[in-house]
Amino acid sequence: MIYAISTLRNRPFVSAGLTLVLGLGLALPVTVFAWSETGIAIAAHDYSADSVYQFRFSTQGTDTSSTVRNAADYAATIDIVEAADYIPSTSGILTGGRFGTWTWYHMNMPLDMMNLVDARVIPLTDEQIERWTGEFNCRGQFSLEDGEVLVSQQVVNLASTHFGEILDIGSTISIDVLTQVTRRDGNVSRNQAIVTSLSSLTIVGIYSPKSILTQIGRAFESVERGTGDPLRNDHAHVLGIDHSLIIRRDSLSYFELYNMGVQGTFPPSVLLKVSEDVIADLDVGELESVLLSVKSLIESRYRTLTVIGVLETRRLSAQIEAYSRSLMLAMLSVPVILVSLVLSVFTTEAALTRRKGEVSTLRAKGASYNQILGMFVAEAMIIAACAFLLCCIVAVFAAPLMGSMTGGLLVDPTRYALFVANLRIPHSALLIAFGMSLFLVGAYQVQLNRLFDVRDIAQLNRPHWSEAVRDVRRSPLLLSFLFVAAGVAALPLASVQSTNIAAIEILFIALALFALSHLGSNILRPTVARLFSGSHRGLGEVSIYVNRSIMRRRKQLIPILVILTLTITTTNVLLVENYSFEKSMQQEIDYAVGADIRIEGNRIPLTMIEQLQEGFGVTYVTPVAIGDVYVGTSRLTLVGVDPISYLNVGRFISSSFVDRTPSSALTKLSTAPDGIILSVFHSQVWNKTVGDSMEIQYTVELESVSRQLEVTDIMNSAPGLGYSSPGLEESRNVGRSYGFQIGNGFALVNMELFESIFSSDSTNRFLAKLGEPSEARIQVYRIIDSLRVDVYSPLVSETLSSDFGTTLYSKGVAGITSISAVMCCLMGIFAIGLFMGSVVRERKPEYAILRAMGATRRKIVFAVIGEFAGLLLVTVILSIVLGFIIGGSMTVLVFALSPYVNLIPPVAHYPIAILSLAVITQIGVFAAVNFGPARSAGTTDMIAELRNL
């Protein structure tokens, strides 16, 4: 061990180079595993932090006074429940001043007909107010003292619109709280209701909920009522959490609160908060079952109650599953890991070959094979341990980097800090890295066996630095190279949507990358020598020297060529892979969303078309209606569209329809009132082709009706709708079509036909095209604020977070490829520096002889640089070719590993500008790294070297 430590101390550059090359390669799989494990922990943290409550009660009975209260008290006794908040609520009417008084109230009547302003009144305790703080944006303070009130922004707007009353922080209002009404439908006479008047309350905060989709928002849902304009027949959503007043609970007496829960205008709500500490301590695999046990315990005891929150729990499970499945991203690091191991072998060989004399000296002094092996193994173990430690350090920084990347090398600082705070590195990843680090020990032993030769005892402590010139038969090498390259290029044709097969193919590509680099290096070495032999007129005797040097030093130069080829090729592949993935994903998003703007909501009236075209910059808009009919005993989903509008709006691709262009297929459908476009699957199952008729059945007023339709075309998929064919059983279903797939297949029909079948004047979605796509962000948020609908747009990236699995995988690919590219470059830099330094040190006697023959230091430096420059030039050409071939194949395999099904076949995209910049940068860096050894060659001590020959 002492000898090993002494050796490492005497060779710090070699030891550091080996540590860095091996450590950076081992860091990649640890980074992916740590990213996944930390992401799972953050998903659990977000589940408890992003939403104050995880469950709520919904009652099916009428005994709200006892059952709901008792259930809330029981829920509070469950170990993992931190709080069970029983919260009554009712309507409140603003009175006094301009608001005047009121005589009757109906919460479903337009308020401009009643000439009053109402709101939902929610009494909370101080603890509940504190819990709610994080779910609201508030101007002022979100806390209450006696005589104070919190008012929602919508109440402030209504007061200004209807009465011209400007409410702000510090304003005072009075409220008539309907603590007891005879009818819960809101039809109330002032004389019949029991009213509690709260006078001169000071507004200390004006709030709006961050989201109405949390448990709080859903517990205090809005009701729909007309705006009072009979011509427009518009509806407003009122009396929800965003149209409310919050008062202190002790502003009302116990009996008033009790009556409000029994006979207020709304039933009481019970919200459950699960202890965040319990969630943090639970094993991720147990999390869903433990949370669902709360639901089971309450529902089994109180059968008239339903505990709601399963969807959020399942969403958490889906996020955890997405992280677990994305562990397959570790396969994308396999080529870089192979590069690391190969570089470790070559650098180990370069480091140990020069120690042949040292081994002979030890043998001459009587050291046995086992003693020498022990010294070298101890040395390798120390380097492996340092590499393992470096791997852990790099992973600590790289895993949060991977989890916070927003594209390219851009990082979200907030997300990075969150990953750092919750960083977890699983033991399995550390075991894998430790096992791989022992690879260096094996490499040391192999090299030692090559050095251990009794015939070398007492030989000079200097290796032979020249080889006999051998002719290389390049034809077999070239044929082998072309065969392997053709196999890699053919992978996209043979690839299937299977993660297991994709993993095997990536392993094949990693091995093929090394084989192609080695074969290409053997082919190109004589080529480089011939290039220098033909340039003696320009370079003089330097060209002759370089030519013979390249031809006589195959064992030294092949590793350099392989290192350069592996490094530059892998970097190019990662850049092509990342760029192609981003471009293909953008095409996928465009097609899955279907248009510039996609609008979704519940029962949106078809009259919204006019609103969109008049005030939101929309040029074309088409409703998309969905309903089910039957063909025999099989259910078929019909999608009603306006074919011409759909053609103008939809982002079609050439493969959307089987035998026609989108234009001809939809134009034909528009001229066929009873036309239908079937999926490939349905056309095969029912043996239907273009021109055939088919019978559908549906129900009208409880009677079954049949109708004959004509098949006008066959389709594969449609923008905004997804795959048209059912039966695509995919194991990778974390995300499908970026979250926009319609059920299990569908068929297209005219909107007029659809309306005649289903008699509907509303729909759940619209697709629209903007006149000015550059204004998409403004128009999207105007639509959301004005029409209260969900809007998705490929032009506004933050609207596309509906499918967690897809988003996660996309960011994971960006992170792992970017980090891998940087690590690969760093490994290449250290390996080239280490290897070239070793080569120059071995050849110092040669440089001394050249100096003795009259060569200047400048010529020696120029010869070393020229030799490396020639090798680098041909390597760059080879790497660009291999990068294009392997990058195209890896593009397909990245999608095959993904946890979702893509609609559009991925296509390789080559960022010429980025690749050029990367190659030029690498050439400059490698040349700079080589300058140090070249300069060292020029400063060779001629006398000292010649004396030792």
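**Strands, helices and cysteines in a predicted model**

User: Let's start with strand 21. How many bridges join it to strand 27, and which way do the two run?

Analyst: Strand 21, residues 675-679, is joined to strand 27 by two bridges, and the two run antiparallel. Bear in mind that this is a predicted model.

User: Which residue in strand 27 is the bridge partner of Ile676?

Analyst: Val749.

User: And strand 20 with strand 27: parallel or antiparallel?

Analyst: Parallel. Strand 20 covers residues 634-641 and strand 27 covers residues 747-750. Four bridges link them.

User: What stands opposite Val639 there?

Analyst: Leu748, in strand 27.

User: How do side chains sit in a regular strand, in general?

Analyst: They alternate between the two faces of the sheet.

User: New topic. Where is Asn572?

Analyst: In helix 22, which spans residues 554-593.

User: Buried or exposed?

Analyst: Asn572 is buried, because its relative accessibility is 3% and the cut-off for buried is under 20%.

User: What does Asn572 touch, beyond residues up to four places away in sequence?

Analyst: Ser879, Ile880 and Gly883, for a start. Asn572 also touches Leu915, Val919 and Gln922.

User: What about Ala485? Which helix is that in?

Analyst: Helix 18, residues 474-494. Ala485 is buried too, with a relative accessible area of 9%.

User: Which residues is Ala485 in contact with, leaving aside neighbours within four places?

Analyst: Leu516 and Ile885.

User: How far is Ala485 from Leu513?

Analyst: The C-alpha atoms are 9.0 Å apart in space. In sequence, Ala485 and Leu513 are 28 residues apart.

User: Now helix 30. Which residues are buried there?

Analyst: Pro845, Glu846, Tyr847 and Ala848 are buried in helix 30, which runs over residues 844-852.

User: What follows helix 30?

Analyst: Gly854 follows helix 30. Its phi is positive, near 110°.

User: Last topic, cysteines. What is a disulfide, anyway?

Analyst: A covalent bond between the sulfur atoms of two cysteines.

User: How many disulfides does the count come to here?

Analyst: Zero. Take Cys825: the nearest cysteine sulfur belongs to Cys824 and is 6.1 Å away. The cut-off is within 2.5 Å, so Cys825 is in no disulfide.

User: Why does Cys825 count as partly exposed?

Analyst: Because its relative accessible area is 22%, and partly exposed lies between the 20% and 50% cut-offs.

User: And what is the relative accessibility of Cys138?

Analyst: It is 29%, so Cys138 counts as partly exposed.

Definitions and conventions
Residues are numbered from 1 along each chain as its sequence is written. This is a predicted model: local features need pLDDT of at least 70, side-chain atom pairs count only at pLDDT 80 or more; totals for chains, interfaces and linings use all residues. Side-chain values use heavy atoms; hydrogens and water are left out. Buried means under 20% relative accessible area, exposed over 50%, partly exposed in between (1.4 Å probe, protein chains only). Contact means heavy atoms within 4.5 Å. Two strands pair if DSSP finds at least two bridges between them.
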